[in-house]
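Open the model in your viewer and set it to cartoon. The tour goes from one bridge pair out to the sheet, then to the helices and the cavities.

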Amino acid sequence: MLDPLALELNHAIEERNKPVYEMLSSLGKSLYFPKGIVSQAGEAKGKADRFNATIGMASEGGQPMYLDVIHKNLSSYDPKDLYPYAPTAGKPELREVWRKKLLKDNPSLEGKEFGTPIVTNALTHGLSIVSDLFVEKGDPILLPDKYWDNYHITFNVRRGSQTVTYPLFTKANQFNVKGMLEALLSCKNGKAILVLNFPHNPTGYTPFEEEVEEILHAIKQAADLGINIVAVIDDAYFGLYYEDSIKESIFARLVGLHPRVLPIKIDGATKEEYAWGFRVGFLTFGIQDASVLEALEKKTMGSIRSTISCSPHLSQTIILDALLNPEFELQRGERNKVMEARAKRVKEILADGKYADAFEPYPFNSGYFVCLRIKHSDAETLRIHLLKQYGVGTISLAKTDLRIAFSCVELADLDQLFELIYRSCRELNT
């Protein structure tokens, strides 16, 4: 039997948006945000002006209790912004600032209704929440044939989904919209979890405007045929665009596209703000119905409450402080230029044909990576050879594919890096 609170949320969703209700997994239908300790403590916070004996936290002198050995390194912050539990959905000020950032960074969101971002413990946690809410055993997860390996654990291992892949690129080295559509139309149970990740990991590709229009048309075409589509937008590398690709998230174009399409944006400060270890991410629902949005957010809070309880307050406070700093945009722009310079140098190195007999890059124009197609060597054998003989670390992804993270190689070292890869290819084939 489902909890009455879960039933209430389910009813709100089913009544206003039946396709979204049909997208929910059995676990998703079971989730709710309890009116328990956290809820009651939140109510007391605004009304208990004499004694507040609700939450499992210690206070002293009207502020959170803390140790000097910890606070000595954090003395520029108010203890109330560090030591208390953060709200389950995240620090409200941070959520609002990130929402404003989404509107600024994604012009196509102008005039559209969408949710206030919910704070997650970085992007993997956000993907895990989506998996809990929407992935049922046997559901198809649609991915290109080159994808981040953690998707398999998050969706298949934890929730029992089935991966359906399509070739990422056409023979003309464009995004394979036809392959994506065929994968969508193969979903015989009328439900698909479509993962779109741009800039792409591992290839570093972001589609161009014409390709995006084709992607949207294909998704709408599948939805018109009755397929419910959970469109999971993994925007881990958002903002790192170096050429004439789209400069906004495809999430912005998917909001309001079709009643059978539920866009969910997963992003965060990890890569965008060069703060990987802070583990501050966000999950945003592209739903325009306020009642359905509220129900989905409460189910999300139920998932958070039942797993990590809440994300760290300290990280949220530091990221919020950075976002509000007048130097933020300037400093981020400077770092992005460093990344762009590295990407352009990689393009130059690979464009002159010097190494064409050994490897060639898949299309790339953004993000952290370039993925090489190795022509005559096994990629794993090459990876091991590079590591043992030259102390060079790379990632093998398939028999022919080697991923290079130019993000963590200095500009001056890139020529030598590719020279060593080429030398290793020759050594393995002599």
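Start by selecting valine 195 and valine 232: the second, in β7, is the bridge partner of the first. This is a predicted model, where local features need pLDDT of at least 70, side-chain atom pairs count only at pLDDT 80 or more, and totals for chains, interfaces and linings use all residues. Residues are numbered from 1 along each chain as its sequence is written, and side-chain values use heavy atoms, with hydrogens and water left out.

**The sheet**

Extend the selection to residues 191-197 and 228-234. These are strands β6 and β7, which run parallel and are joined by seven bridges. Strands are DSSP runs of E with at least two residues, helices are runs of H or I with at least four, and both are numbered from the N terminus. Two strands pair if DSSP finds at least two bridges between them.

Now show the whole sheet. It is open, has seven strands with mixed pairing, and follows the order β3-β9-β8-β7-β6-β4-β5. Go to the edges: β3 (118-120) and β5 (162-166) each have a single partner strand, so one side of each lacks a neighbour in the sheet. On average, neighbouring strands are turned by 25 degrees against each other, direction ignored. Axes here are lines fitted to C-alpha atoms, for helices over the stretch in contact; angles run from 0 to 180 degrees between N-to-C directions.

**Two helices on the sheet**

Select 122-134. This is helix α7, lying across β3, β6, β7, β8 (261-268) and β9 (281-285), at about 155 degrees to β8. Next, select 177-185. Helix α9 packs on the sheet and touches β4 (140-144), β5, β6 and β7. Its direction makes about 150 degrees with that of β5. Contact means heavy atoms within 4.5 Å.

**The cavities**

How many cavities of 30 Å³ or more are there? The count is two. A cavity is a set of points, on a 1 Å grid over the protein atoms alone, where a 1.4 Å probe fits but cannot get out; lining residues have an atom within 4 Å of a point. Grid points are joined across faces, edges and corners, and a volume is the space filled by probe spheres set on the points.

The largest cavity has a volume of about 70 Å³. Select Pro144, Val195, Leu196, Asn197 and His200, the closest to its centre of the 13 lining residues. β6 gives the most to this lining, with three residues.

Finish at the second largest cavity, with about 40 Å³ of space. Select its lining: Phe198, Asp235, Tyr241, Ile246, Glu248, Ser249 and Ile250.

Terms used:
On a 1 Å grid over the protein atoms alone, a cavity is a set of points where a 1.4 Å probe fits but cannot get out, and a pocket is an open set with protein on both sides within 12 Å along at least five of seven lines; lining residues have an atom within 4 Å of a point.
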